[in-house]
There are 2 protein chains.
Amino acid sequence: MAKKQKIQRPTAQTPKGFRDYFGAEVDQRTDMLRIIAGVYHRYGFEALETAAVETVDALGKFLPDVDRPNEGVFAWQEEDENDDGDWLALRYDLTAPLARVFAQHRNDLPLPYRRFAMGPVWRNEKPGPGRFRQFYQCDADTVGSSSVAADAEICAMLADTLEAVGIERGDYVVRINNRKVLNGVLEVMGLSDNDQRANVLRTIDKFDKVGESGVRELLGKGRLDASGAYINGVGLSGEQIEPVVAFLTSKMKDTTGTLKNLRAAIGESTIGAAGVDELETMANLLAAGGYDARRIVIDPSVVRGLGYYTGPVFEAELTFEIKDEKGRLRSFGSVAGGGRYDDLVKRFTGQEVSATGVSIGVDRLLAALHMKGRLTLDTSGPVVVTVMDRERMADYQEIVSELRQAGIRSEVYLGNPKSFGNQLKYADQRNSPIAIIQGGDELSSGTLQIKDLILGAKIAETATLEQWKDRPSQFEIPRADLVVRIKALLEEQAK
Amino acid sequence: MAKKQKIQRPTAQTPKGFRDYFGAEVDQRTDMLRIIAGVYHRYGFEALETAAVETVDALGKFLPDVDRPNEGVFAWQEEDENDDGDWLALRYDLTAPLARVFAQHRNDLPLPYRRFAMGPVWRNEKPGPGRFRQFYQCDADTVGSSSVAADAEICAMLADTLEAVGIERGDYVVRINNRKVLNGVLEVMGLSDNDQRANVLRTIDKFDKVGESGVRELLGKGRLDASGAYINGVGLSGEQIEPVVAFLTSKMKDTTGTLKNLRAAIGESTIGAAGVDELETMANLLAAGGYDARRIVIDPSVVRGLGYYTGPVFEAELTFEIKDEKGRLRSFGSVAGGGRYDDLVKRFTGQEVSATGVSIGVDRLLAALHMKGRLTLDTSGPVVVTVMDRERMADYQEIVSELRQAGIRSEVYLGNPKSFGNQLKYADQRNSPIAIIQGGDELSSGTLQIKDLILGAKIAETATLEQWKDRPSQFEIPRADLVVRIKALLEEQAK
């Protein structure tokens, strides 16, 4: 059993499905989370930060929207002398920990308990292009309020949040629906078979894509899709199909019209009527808060994870157009969603506690802002003080200290200073706006050379000799004017 | 094999060694991290955020300062058809991921690479009171610079950071030492046995506690400690002990004096002389940046994880006194530390890359600020608009919308409004400064009742009837004056 020993170096690689975030990517997300937390806080929500790790027992070991109830989490067993330590797992969302926290601390928490949480969650799923196994969620939930005022408030907060992070009014819409209305429609159709109900809901979810005629086909015999494949239909009769179509096409320009159509679509259904009443109440509350239908609108085609939700559901969609992979224009789509759910802590306590909440997809929202060119965060590098004489590091240190005390991002070059070219290459790689140079001549004359790297880059790209003469990319300043002149140059560059 | 089935409810409990953070605890930490990131950024460091999960292979599966090299991390194996998936683990610090990132991306990163990182790390250790298995670290490192200017800069940044988060000048000191000086002292002593060297270093680390005579005893035959137990000594001769004592007592009020003593202590040692030179260079650079010995001082008693560090080492100590568990006064102690290490990526690439860095203990720093009463973050709850008539939620919604648009944290009570007492109890639990009441009378007269809950609490505690008359804790305002009056009252309360 001799084993060959060999120096084997580990591979420097993130695990599959994980990634690193550098510089401005991190700053921009941090900044967005801070803004969102600010809005949530203003609405009276309190921060909650749970650990990444929960017991599998408490998590429930199941993911919403995943068919395999035992999969999807990263889990391991605690070491233990008897080999039966607790199973622990990384949280897969922020709602399961909220349920655990509320059940654990319910005697000490105010009721309603309004909390927000932001942070990474982990999914043990097959990674794919652009699909990662760790990503950020940003949630706000109101626990223990059965009033739809809580749902309306979350929709209003969602609209405020989108505007706060830089999505302009008109570029988004919060669409709301109600699970009870959908149930009412299913009741009118006379559908009691759960599989068939689920199939109808799935078809409703496709309305945006396939339109009214597509929905009719899919609910009936089936449909030949664009790729030529035949999709089997749900097999409903024309009579059964009518209420669904009436429901889906009930959206009007004004809320009053939509509500009227919905009432017609749910017919005699009691649960349906309750749903329409709730939608009406929400619409009234939102109107009182100044949120009109251009910002928050009743939209019967909103479905969202229906196994989970029991009342109002909502989602925020960005309506501006982007080009998809194939170059076709389409609207950016959903960046947040949520709704009311009733089983938050039932697993723990046996009691039904109603809650409503929203989850914002921070990464998608960042991507949207990038596409709109609305990320204004400063991504420029530091002012770099070059090292002409390594014996005079203290002088360079003094320069950089003065700049930092004036709030200017700056650093002394700390690599090997032998090659000045390498120092400028470094400044370029760091996206530095300015390099500062002080050799022996400048020292004796009490001056500094200032290199405007942004202008320098422009000149290198486009400018003619005349422009160069007009505004030199390198010039001399008195040492005493350091802070004033660098500040002025940075301001000029920012114009 | 019949199994009895029974409804077993999961326990709502964090796993052992993990905890939840609520409200202001979260806000205060977020705020501190933002301030620290601001200072790091100003110094030219770039943010880096790696995933919580790394391969065990890349992490190296070892913790500094832990004797059991295979323990201390939370690890699990990836599912895989052949049952030999990668082993993954939660990061135990932020340096191991930095090493992996630098090795993985070294061709794309600027050199020196200056990065900061902040976030939770996980240790699979036995939890104890106040010892958690998930906690925050906040690191800055300069990779690929062999210049001690990089070390000096990190010390300066550490001082700036402490002041930025609210530790006043005079309440902290950054103490620096150099591993090479210690090696020089060991050389002078003629110690080559590694165990004996380690024992001497451990003894040096106790100098602050046991003083000069204690160190003499511990290096020699042994010492009877305060509890009456006899601690065996290292067994050195008096001649061998002298250089250690000379070294430890070399600290003078001025840096020049300390350096002179250190040169005497390291005698003819070349490595020792190099260490003293480095300390001198750092002191000069820091003086040039305006950091005198009251803020950053050479202190030979600083040891810090010596197996790891190869050059300068430093730590930040808060010098103000607190009472320990037994009521005795002692200085608060260390909140940050770091130093230079040379083996950052050698495991991956075979190349030696020198790096220097610091890690701030965010939670300890927060605790210190709490003790000093310097956490000024607003921890007050929202203004609560009570619900007198549940049919008029839209009116209450309108009130709260106006307040929020004016930037005032506020909410409508969303619990069951039947009991007004419960609503006020809720406001109390939320630490609300103000409750707003509008019943039928107020509605018809176009007014609001304002309840000053902070004054109310004071009156309940202490005030006499005369004071009550002077400034009522409840009063009426015109509805139209809502924002102006609430703003004014909040300002008055903040005085």
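In which sense, and over how many bridges, do β7(A) and strand β14 (residues 355-360) of chain A pair? I looked this up before anything else in the predicted model. The two strands pair in the antiparallel sense, over six bridges.

**Entry: around β7(A)**

I followed the register and found A:Thr142 opposite A:Thr356 in β14(A). I then turned to strand β6 (residues 113-122) of chain A, which is joined to β7(A) by ten bridges and runs antiparallel to it. A:Thr142 appears here too, as the bridge partner of A:Arg114. I noted the burial of strand β7 (residues 134-143) of chain A as well: seven of its ten residues are buried, and the strand is mostly covered. For reference, I recorded that strands of a sheet pair through backbone hydrogen bonds, either parallel or antiparallel.

**Entry: confidence**

I checked the scores of the model and read ipTM 0.90 and pTM 0.91. For chain A the mean pLDDT is 89, with 93% of the residues at 70 or more. I marked residues 65-70 of chain A, where the pLDDT is below 50; this stretch makes five contacts in the model beyond near neighbours in sequence.

**Entry: the five-stranded sheet of chain A**

I traced an open sheet with the strand order β16-β15-β17-β18-β19 (chain A) and found its pairing to be mixed. At the edges I placed β16 (410-412) and β19 (474-478) of chain A, each of which pairs on one side only. The average turn between neighbouring strands of this sheet is 25°, direction ignored. Within the sheet I examined strand β17 (residues 434-437) and strand β18 (residues 447-452) of chain A, which are antiparallel and share four bridges. In this pair, A:Gln449 of β18(A) is the residue opposite A:Ile437. I also located α13(A), which packs on the sheet and touches β15 (383-385), β16 and β17 of chain A. The direction of α13(A) makes about 170° with that of β16(A).

**Entry: the contact between chains A and B**

I counted the residues at the contact and obtained 77 from chain A and 77 from chain B. Which helix gives the most to the side of chain A that touches chain B? I found helix α13 (residues 393-405) of chain A, with six residues. By class, that side of chain A holds 35 nonpolar, 24 polar and 18 charged residues. I then looked for strand pairing across the chains: strand β1 (residues 21-22) of chain A and strand β2 (residues 46-49) of chain B run antiparallel and are joined by two bridges. A:Tyr21 has B:Glu49 of β2(B) as its bridge partner.

**Entry: the nonpolar core**

I examined the largest nonpolar core and recorded 259 residues, with the most contacts inside it made by A:Cys155 and B:Cys155. Setting aside residues up to four places away in sequence, I listed A:Val174, A:Ile176, A:Leu286, A:Ile296 and A:Phe314 as touching A:Cys155. As background, nonpolar side chains tend to be buried together in soluble globular proteins.

**Entry: B:Gln423**

I placed B:Gln423 in helix α14 (residues 420-429) of chain B. Is B:Gln423 buried or exposed? I recorded B:Gln423 as buried, because it has 21 C-beta neighbours inside 10 Å and the cut-off is 20 or more. Apart from neighbours within four places in sequence, B:Gln423 is in contact with B:Thr386, B:Val387, B:Tyr413 and B:Pro417. I finally checked B:Gly337, which is 86 residues from B:Gln423 along the chain; their C-alpha atoms are separated by 49 Å.

Technical notes: Residues numbered from 1 in each chain as written. Chains lettered and ligands numbered in written order. Predicted model: local features only at pLDDT ≥ 70, side-chain atom pairs only at ≥ 80, totals over all residues. Contact = placed C-beta atoms within 7 Å. Nonpolar A, V, L, I, M, F, W, Y, C, P; charged D, E, K, R; others polar. Pairing = 2+ DSSP bridges. Core = buried A, V, L, I, M, F, W, Y, C linked by C-beta atoms within 7 Å. Buried ≥ 20, exposed ≤ 12 C-beta atoms within 10 Å, placed from the backbone. Axes fitted to C-alpha atoms, helices over the stretch in contact; angles between N-to-C directions. pLDDT = per-residue confidence, 0-100.
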